[in-house]
Amino acid sequence: MDILNSINRKPAGIYIHIPFCKSRCTYCDFYTLTNESRIDSFAENLCKEIELRKDEIHEPVKTVYFGGGTPSRLSEQHFENIFNYLFSNFNIDPAAEITVEANPDDLSSEYIQMLSRLPVNRLSIGIQSFDDAELKFLSRRHTASQAINAVKRCQMHGFNNISIDLMYGLPGQTTGIWEQNLKQATSLDIQHLSAYHLIYEEKTRMYSMLKAGKIQPVDEEVSTAMFSMLIDWMKQHNFIHYEISAFAKEGYFSGHNTSYWKGNKYIGLGPAAHSFDGENRSWNVASLNRYIKGIEEGKPERNSEHLSLNERYNEFILTGLRTMWGIDLMELRLLFGDKLYSYCIENAEKYVSKKLLSVEGNNMKLTREGIFISDGIMSDLMSV
Ligand code: SF4
């Protein structure tokens, strides 16, 4: 199979946005509602959206990802209906990775047993911290012991592909607290960890606190030390650092996220969900009312943009270099032409000579040192 054929035959994925949360965390800017009164109507219209958009993907669907929001606010009936529609309208691969994001406080034994009766084979649990003071500061709804018990209960009920999310770089967080978080995480026999540095997103409570001088961002040296500790700790515990924020045991990479990073096609269902068909990006309206109205009228409200060659090249650089696989320079040349290929090589040269990027054959990727200044390197390789 030549390289262009293999590029065109990339697998497809489905993302489903569940826009409900019991309460809002201080740092969160995702589209989500704390009033769950319309959750039934949302679930019904989501099924209708699946039917309306069934012709957008013909290739086998390799990954389905329920994100949010908090998908663990859905009931068994909601999930059953959604799965019925998914399986009857799309060609879902029998071995597809099917992930549900869940919050620890929703993961009672009954709820986990219910999830285990569904085609769900991967859980992504939003823990964020194992320190009660940090959890309170983030306005999370669970305690550290609830989180630990939730992971253990999921394992007891047969889930053996579990990812957890942690956050670092919180105001006042020390490397000692971060180390305790990492120790606790790896003691839980999980398969995957996503660790994100806190970002102060505008329109969040955390951002207002920062602007009002009520909290101080962590020093850059402390942030760097935490990231370094994260990489070393996870490596010592046999996790592969396969993307800037993601670590997995062998065989447990997130198929869904890997698919994003490799530029594969996906459709996003539910309010505010994004879709990508290889050349165009589109996004559903970020309003539950307008989402439901559009579906009821048979015309889902969506916006879209066509990505220019330059924009697609930039995405290729941005997503590829985030991963341990880096970018294939031959693929870059075939997809974007000689001009952008030469632009990339010329701009990469200084980083290669400083050993921040490595090139072996056609493969170019960040070195361990390069990962620490990845944003600067990627923006230098991007074309304006
Ligand atoms: S649970 Fe997740 S989606 Fe909901 S408010 Fe908190 S961070 Fe945001």
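# Chat about a predicted model

Reader: Where should we start with the helices, say H12 and H13: how do their axes sit?
Author: This is a predicted model, and in it the axes of helix H12 (residues 309–321) and helix H13 (residues 329–353) come within 11 Å and cross at roughly 115°. The crossing of H12 and H13 is left-handed.

Reader: Which residues in H12 meet H13?
Author: From H12 you have Leu309, Tyr313 and Phe316. On the H13 side they meet Leu332, Leu335, Phe336 and Leu340.

Reader: And by class, what is in that contact of H12 with H13?
Author: Seven nonpolar residues, with no polar and no charged ones.

Reader: OK, sheets. In what order do E13, E14 and E15 come?
Author: The order is E13-E15-E14, in an open sheet with antiparallel pairing. Strand E13 (327–328) and strand E14 (357–360) each have a single partner strand, so they stand at the edges and one side of each has no neighbour in the sheet.

Reader: How many bridges join E14 to E15?
Author: Four, between E14 and strand E15 (residues 363–366), and the two run antiparallel. One of the pairs is Glu360 with Asn363, the latter in E15.

Reader: What about E7 and E8, what do they form?
Author: A hairpin, with two residues between the strands. Strand E7 (residues 240–243) and strand E8 (residues 246–248) run antiparallel and are joined by three bridges. Ile240 has Ala248 in E8 as its bridge partner.

Reader: Changing topic: what kind of peptide bond joins Gly68 and Gly69?
Author: A cis one, with omega about 15°. Gly69 is in the loop between strand E2 (61–68) and helix H3 (76–89). For background, most peptide bonds are trans.

Reader: And phi: what is the value at Ser139?
Author: About 60°, so positive, although Ser139 is not a glycine. Most residues other than glycine have a negative phi. Ser139 is in the loop between helix H5 (132–137) and helix H6 (144–156).

Reader: Why does Ser139 count as partly exposed?
Author: Because Ser139 has 14 other C-beta atoms within 10 Å, and partly exposed covers counts between the exposed limit of 12 or fewer and the buried limit of 20 or more.

Reader: What about Asp189, where does that one lie?
Author: In the loop between helix H7 (175–186) and strand E6 (192–197). Asp189 also has a positive phi, near 60°.

Reader: Is Asp189 buried or exposed?
Author: Exposed, because Asp189 has 11 C-beta neighbours inside 10 Å.

Reader: Now Tyr291. Buried or exposed?
Author: Buried, with 26 other C-beta atoms within 10 Å. Tyr291 is in helix H11 (residues 288–296).

Reader: Leaving aside neighbours within four places in sequence, what is Tyr291 in contact with?
Author: Asn45, Pro271, Asn284, Val285 and Glu301.

Reader: How far apart are Tyr291 and Asn238?
Author: 44 Å in space, C-alpha to C-alpha, and 53 residues in sequence.

Reader: Last thing: what is the mean pLDDT of the chain?
Author: The mean is 95, and 97% of the residues reach 70 or more. Over residues 1–8, though, the pLDDT is below 50.

Reader: How many contacts does that stretch, residues 1–8, have in the model?
Author: Seven, beyond near neighbours in sequence. Where pLDDT is low, the predicted coordinates should not be read in detail.

Definitions and conventions: Residues numbered from 1 in each chain as written. Predicted model: local features only at pLDDT ≥ 70, side-chain atom pairs only at ≥ 80, totals over all residues. Axes fitted to C-alpha atoms, helices over the stretch in contact; angles between N-to-C directions. Left-handed = near helix turned anticlockwise from the far one by under 90°. Contact = placed C-beta atoms within 7 Å. Nonpolar A, V, L, I, M, F, W, Y, C, P; charged D, E, K, R; others polar. pLDDT = per-residue confidence, 0-100. Pairing = 2+ DSSP bridges.
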